Amino acid sequence: MFTRRKLIFSGAALMGMAVLNPLLSRAATLAASSDSHLFYQISLLLTGRARLSPLVAERALHALAAESDQFVARLRQLTAALHSADITSADRLNGHKLMQGVSGDTIKAILSAWYLGYTGTPVPLRAVDSTRFITYTDALMYAPTRDATVIPSYSRGQTNYWIQPPETLKKD
């Protein structure tokens, strides 16, 4: 006999699995995929961060790989070059010969994806270009001025807050 209690319990269990399944599969995919893990580790090194969003890392890797068929091979080549040169921080890349040629282009592509939040080249006034969106609010370009600059598109206050000039303009 199927009771209302069993129906509610079964529904709750199915909903719980539906909610947890994407989270578990994403973590398993990141751990299992050596390219994703490699990209994440290289991104940590290049950005100088202790932690980055694994979801944004996956999106950036996917966008960079879609932009160039050779990106994953270049990423592996860059990893080997960084290990052989004993580069353990981004500061050691300043003026290093790795910043020239294919390795330098790969480094710049990775950093550009993290800081700008997209890959490719946007073409103004065009409906189609090579741009691939990665993230907006998690783009690292906003971090240095986060205390003074609000990420565009977010309201700084209540409705019509912009009618009154800021206090600093009144004093100047």
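Start by selecting Tyr-136 in this predicted model: at 34% relative accessibility, Tyr-136 is partly exposed, because the partly exposed class sits between the 20% and 50% cut-offs.

Now add Tyr-142 to the selection. Buried or exposed? Tyr-142 counts as buried, with 11% relative accessibility.

Before going on to the next stop, a quick word on rings. A pair of aromatic rings is described by the distance of the centres and the angle of the planes.

Next, pull up Phe-39 and Phe-71, which belong to a count of two aromatic pairs. What are the distance and angle here? The ring centres are 6.2 Å apart and the planes meet at 65 degrees, so Phe-39 and Phe-71 are edge-to-face. Colour the helices and you'll see that this pair links distant parts of the chain: Phe-39 belongs to helix H2 (residues 34-47), while Phe-71 is in helix H4 (residues 71-84), 32 residues apart. Switch on a surface and check both rings: Phe-39 is buried at 0% relative accessible area, and Phe-71 is buried too, at 2%.

Go back to your two tyrosines for the other geometry. Tyr-136 and Tyr-142 also make an aromatic pair, edge-to-face, with 6.0 Å from centre to centre and 65 degrees between the planes.

Last stop: helix H5 (residues 101-116), where you should select Ser-103. Ser-103 is buried, with a relative accessible area of 13%. Which residues does Ser-103 touch, leaving out those up to four places away in sequence? Show Leu-78 and Leu-98 as sticks, and you have the contacts of Ser-103.

Technical notes
Residues are numbered from 1 along each chain as its sequence is written. This is a predicted model: local features need pLDDT of at least 70, side-chain atom pairs count only at pLDDT 80 or more; totals for chains, interfaces and linings use all residues. Side-chain values use heavy atoms; hydrogens and water are left out. Rings of Phe, Tyr and Trp (its six-membered ring) pair if their centres lie within 6.5 Å; planes under 30 degrees apart count as stacked, over 60 as edge-to-face and the rest as tilted. Helices (H or I, at least four residues) and strands (E, at least two) are DSSP runs, numbered from the N terminus. Buried means under 20% relative accessible area, exposed over 50%, partly exposed in between (1.4 Å probe, protein chains only). Contact means heavy atoms within 4.5 Å.
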